[in-house]
Amino acid sequence: MRGIGQPGGVFNVSILTVSLAVVSLAIAITSYFWASERYYTTSALAAYIIMLASVSVLISETGGGSSPFLALWMIASVFSGVFGMALLGLLGAGIIAIFGYLLFSKQLDAYIIFTLSLGGLLPLLMSFVLWHGKSSTEKTKERAYYDLANELNQVANKSEVVINAISDGVIAIGNTGQIELINPAAERLVGWAHQDAMGLDYKSVMQLLGKNDHELEKSTDPVFEVLTTNQPKRSNDLQLQTSSGKKVQIELVVSPIGRLGAGAIMVFRDITKEQAEERAQAEFISTASHEMRTPVASIEGYLGLALNPATATIDAKAHEYITKAHESAEHLGRLFQDLLDVTKADDGRMQNNPKVLDVVSFTADVVEGLKPKADEKQLRLFFKAAKDARPKERNVEPIFYVDLDKDHLREVVANLVE
C-alpha cells in the first residue's frame with residue numbers, strides 16, 4: 001500500500017507493518033486502561049516487542065540500512081533496557097547475527113559496518129548505560145530501599161491478617177476523628193460495612209451511650225479524652241447502639257497513636273452476655289448466702305442456749321465440745337456474711353449509710369470488744385490514742401471525726417485488730 005511520503009518519492013508499506021503497529025498500540029491501550037496491575041509488565045513487554053518488529057519490517061521495506069526510518073529504530077531500542085538485560089542481550093545478539101550473515105555472504109562493507117554500529121549497537125549501549133549503568137553505591141541503596149519496602153509490606157500484610165482475624169472490634173481514627181481502619185469484627189458489632197464506614201466521623205459509626213442511655217458529652221467521651229490527653233482510656237460501663245438500633249454493653253479500650261492528637265485506636269467487645277452471667281452468678285451467691293445464714297444462725301442460737309446454765313445443764317466435757325461447735329457456727333456465719341457483702345459490693349447493691357463518728361472512741365469500743373479473744377490467746381492488747389505534742393498542762397485527748405458507714409468501719413477495724 002502507498003502511504004508514507006518523503007521529498008524524493010513515496011514508500012510502499014506492507015499490510016504486515018501496519019498490522020504489527022496496530023496490534024502494538026491496541027495492547028498498550030488495553031494494558032493501560034483495563035489490565036490488572038500484575039499484568040502491566042508482561043503486556044508492556046509484548047507491546048514493545050511487537051512495536052520493534054513493526055519498525056524492523058518498516059526499515060526492511062524502505063531501504064534497509066539507508067532507510068530514513070533507521071532513526072525510529074534507534075529511538076525505540078534505547079528503551080529496551082527498561083525491560084531488563086535479557087531483552088538487551090537478545091537485541092544485541094540479533095545485531096551481531098546480522099553482522100555475521102553479511103560477513104558470510106560477503107556483503108559487509110564500511111558503510112554497513114558504520115550503519116549497524118551507529119543504528120544498532122550504539123542505542124543498545126546507551127540503553128545499558130542509561131538503565132543499568134548505576135554505581136555500586138546506588139545499586140546498594142536501591143536494593144536496601146527495595147528490601148525495606150518489601151519487609152514493610154510483609155509486616156503490613158501480617159498485621160492486617162492479625163487484625164482481621166481477632167474477634168475484638170478494632171477501629172483506627174485519624175487526628176480529625178475520621179475512620180481509617182475497621183476490621184470485620186467491628187463491622188459485625190456496629191453493623192456498618194467497610195466501604196460505608198471508611199472516612200466517616202467515628203461518632204457516626206460508634207454511637208456510644210452512657211448508663212442513662214444518653215449520648216456521651218465531650219467531657220465523658222473516652223475517644224475525645226485520648227485525643228486531647230494522649231493517655232489510654234479503658235471503660236466497661238458504656239453501651240453501643242448499632243446501625244439497627246440494638247444496644248449492647250461493651251468493654252472499650254482507646255489508645256493513642258503517636259504524638260498528641262495524631263489519632264487513636266479503639267478495641268472493643270460485646271460483654272452483654274458476660275455481664276448477664278456475672279449478675280446471675282452474683283444473685284445466686286447472694287441468695288444462697290442469705291438462705292444458708294438462716295440455719296447457721298439457728299444452730300448458733302441453740303448452741304448458745306445449751307451453753308447457758310439458766311436453760312441447760314451439761315457436764316464439763318460436753319460444755320467444751322458445744323463451745324467449739326458454737327465458735328465454728330459463729331465463724332461460719334461471719335463467712336457467709338462476708339461472702340454476701342462481697343457479692344453486694346461487686347454488683348453495686350452494697351448499701352452505705354454514712355454518719356459522723358468519733359474515730360477514737362469508736363476504735364476503743366471495737367478493741368475493748370476484742371480483748372476477750374486476745375486473752376484466750378494469752379495476748380496483751382493495748383489501745384492508746386496519740387497525745388498532742390504540746391506542753392503537759394495543755395494536753396487534750398485527740399478528736400477525729402469521719403463521715404462513714406458505722407457497720408463497714410467496724411468490720412474494717414475489727415479485721416485489722418484480729
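In what order do the six strands of the open sheet lie? The legends below take up this sheet and a helix pair in a predicted model.

**View 1. Six strands build an open sheet.** Their order is 4-3-8-7-6-5, and the pairing is antiparallel. Strand 4 (179–182) and strand 5 (207–209) are the edge strands, each pairing on one side only. Between neighbouring strands of this sheet the average turn is 35°, direction ignored.

**View 2. Strand 8 pairs with strand 3 and with strand 7.** Strand 3 (residues 169–173) and strand 8 (residues 264–270) run antiparallel and share five bridges. Here Gly169 stands opposite Phe268, and Ile171 has Met266 as its bridge partner. Strand 7 (residues 247–256) is joined to strand 8 by seven bridges, again in the antiparallel sense. In this pairing, Ser255 is partnered by Ile265.

**View 3. Helix 10 and helix 11 pack on the sheet.** Helix 10 (residues 222–229) touches strand 3, strand 5, strand 6 (233–241), strand 7 and strand 8. Its direction makes about 5° with that of strand 7. Helix 11 (residues 272–307) touches strand 6, strand 7 and strand 8. For helix 11, the angle with the direction of strand 7 is about 115°.

**View 4. Helix 4 packs against helix 5.** Helix 4 spans residues 85–104, and helix 5 spans residues 110–132. Their axes lie 11 Å apart, at an angle of about 165°. That angle is over 145°, so the two helices are roughly antiparallel. Their crossing is left-handed. Contact residues include Leu88, Leu91 and Phe99 of helix 4, and Leu116, Gly120 and Phe128 of helix 5. The contact comprises 13 nonpolar, five polar and no charged residues.

How values were computed. Residues numbered from 1 in each chain as written. Predicted model: local features only at pLDDT ≥ 70, side-chain atom pairs only at ≥ 80, totals over all residues. Heavy atoms only, no water. Axes fitted to C-alpha atoms, helices over the stretch in contact; angles between N-to-C directions. Helix = DSSP H or I, 4+ residues; strand = E, 2+ residues; numbered from the N terminus. Parallel < 35°, antiparallel > 145°, perpendicular 65-115°, else oblique. Left-handed = near helix turned anticlockwise from the far one by under 90°. Contact = heavy atoms within 4.5 Å. Nonpolar A, V, L, I, M, F, W, Y, C, P; charged D, E, K, R; others polar. Pairing = 2+ DSSP bridges.
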